[in-house]
Amino acid sequence: MTATLDIATVQAFLLVADLQSFTRAAEALGTTQAAVSLKLQRLETVLDKRLVERSPRAVRLTADGAAFLDRARALIAAHDLALSGGAPAAQSLSLGISDHAAGPELVPLLERLHAMSLNLTLAVTIGFSREMQDAYDSGELDAVIVRQEGSRRGGEKLAEDEFGWFAARRFTLPKGEPLPLATLARPCGVRAVAVRALDKAGIAWRERFMGGGVTAVVAAALAGLAIAPLARRIAPPGLIDIGPTHKLPKLGSSKVMLHSKVSDPAKLAALRAVAATFRSLAA
C-alpha cells in the first residue's frame, strides 16, 4: 500500500519548524507537546526520514527536514485551496500592538504568521497601550497585545518585561544638570512610570527628546541625546542600562498581555500562533 501524508501531521511539522519549539507548536495548535511529538514521529515514519533534531535548548530542522519544508507548505496551500472551492478563503484579523510591547519580535512574528496562514489579512496598528485597549474595548480591534496597566484583569500573559534606564555607551551626564529623558509622549504608561519614579526619588529631570514611536526614542538614545526608559527585551545592543551607575530608581517590570474577543476558528488558530510565536521570540 502506498503511504499517504496526513494533513494534521504536516501542519504540526510546519509549526514546529516555524516556532522552533514543540511546546510553542502545541500552544498554537491548542494541544499537548506529547501529541505534537507523536504527529512528528508519524510523519517521519511515513517519509522514512528524520525531519528535526531535538535538544534540551532548541529544535532544528535536519537537511531532510529543510528540504521537505517548501513541499509541506505547498501541500497545505493546495489543501486549503481545495477546501475553499478553488478560491482562497480570505480571513481578516485586526490586531493592535503596544509600541513598547512590539519590540524586535514584530518583524519575525509577522513573517512567521504569514508563512503559517497565507490567506490571512492582518491589519496591525501600533500605538500606546491605553489607546490600543480603548480601541479593543470599543470593538475596533479583534485583539490587542498590550502592557498590563492599572487594575485591568483578564487576558493571556505573553511575556514579563523588566525595565531599565538605557543610554549610549558614550553618554555622559554633566554634574548638576537635570537628567535628560527620551520618551514617548503622553499617555505613554512607561513614561508615566519613569517620571513618577524620578519625582519620588527627588531626581531632577527634563524632557530632552519626545518621539512618536519607540524606534525614534531608541534612535535618540543611540545618538547620545538622552536616557530612555525601555524594556530590556526591546533595547538594542548599542544601549546599556546606566541605572545602577547613576543610582537611578528601579523601574520594575510589566506584563505583556494578549486580549482577544475572536470566536472564528481560523482567527483563533491565527491568534494561538501569534501568542506562541511571541512567547518563543521573547523567551
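This briefing describes the overall make-up, salt bridges and selected packing of one protein model. The model is predicted. The protein contains 10 helices and 11 strands, and 43% of its 283 residues are buried. The structure holds 8 salt bridges, several of which are set out below together with the surroundings of helix H7 and of alanine 28.

**Overall dimensions and surface**

- The C-alpha trace of the protein spans about 85 × 40 × 30 Å along its principal axes.
- The accessible surface of the protein comes to about 14400 Å², and carbon and sulfur atoms account for 53% of that surface.
- Of the contacts between residues at least 6 apart in sequence, 75% join residues at least 24 apart.
- The protein carries 34 positive and 27 negative side chains, and the centres of these two sets lie 7 Å apart.

**Salt bridges involving strand E6**

- Side chains of opposite charge can pair when their charged atoms come close.
- Glutamate 156 and arginine 279 meet through their side chains in a salt bridge, with an N to O distance of 2.6 Å.
- Because glutamate 156 lies in strand E6 (residues 156-168) and arginine 279 in helix H10 (residues 265-282), this pair ties together parts that are 123 residues apart in sequence.
- Arginine 279 is buried, at a relative accessible area of 15%, whereas glutamate 156 is partly exposed, at 34%.
- Lysine 157 and glutamate 160 form a salt bridge in which the closest N and O atoms are 3.1 Å apart.
- Lysine 157 is partly exposed, with a relative accessible area of 41%; glutamate 160 is also partly exposed, with a relative accessibility of 41%.
- Aspartate 161 forms a salt bridge with arginine 233, and the closest N and O atoms of this pair are 2.8 Å apart.
- Aspartate 161 lies in strand E6, while arginine 233 lies in the loop between strand E9 (228-231) and strand E10 (239-241), so their pairing ties together parts that are 72 residues apart in sequence.
- Arginine 233 and aspartate 161 are both buried.
- Glu162, Arg232 and Asp241 are joined into one network by salt bridges that share partners.

**Helix H7 and its packing**

- Helix H7 covers residues 129-137, and its buried residues are Ser129, Met132, Gln133, Ala135 and Tyr136.
- Viewed down the axis of H7, these buried residues fall within an arc of 160° and therefore line one face of the helix.
- The buried residues of H7 pack against four strands: E3 (91-98), E4 (120-127), E5 (143-147) and E11 (253-260).
- Glycine 139, just after H7, takes a positive phi of about 90°.

**Alanine 28 in helix H2**

- Alanine 28 is located in helix H2 (residues 22-29) and is buried, with a relative accessible area of 4%.
- Leaving aside residues up to four places away in sequence, alanine 28 touches Leu15, Leu19, Ala269, Arg272, Ala273 and Ala276.
- Alanine 28 and threonine 277 are 249 residues apart along the chain, and their C-alpha atoms are separated by 8.3 Å.

Conventions:
Residues are numbered from 1 along each chain as its sequence is written. This is a predicted model: local features need pLDDT of at least 70, side-chain atom pairs count only at pLDDT 80 or more; totals for chains, interfaces and linings use all residues. Side-chain values use heavy atoms; hydrogens and water are left out. Helices (H or I, at least four residues) and strands (E, at least two) are DSSP runs, numbered from the N terminus. Buried means under 20% relative accessible area, exposed over 50%, partly exposed in between (1.4 Å probe, protein chains only). Contact means heavy atoms within 4.5 Å. Accessible areas come from the Shrake-Rupley method with a 1.4 Å probe; for residues, only the protein chains shown count as cover. Lys and Arg count as positive and Asp and Glu as negative; His and the chain ends are not counted. The place of a charge is taken as NZ of Lys, CZ of Arg, CG of Asp or CD of Glu. A salt bridge is a side-chain nitrogen of Lys or Arg within 4 Å of a carboxyl oxygen of Asp or Glu. The arc is that of the directions from the helix axis to the C-beta atoms.
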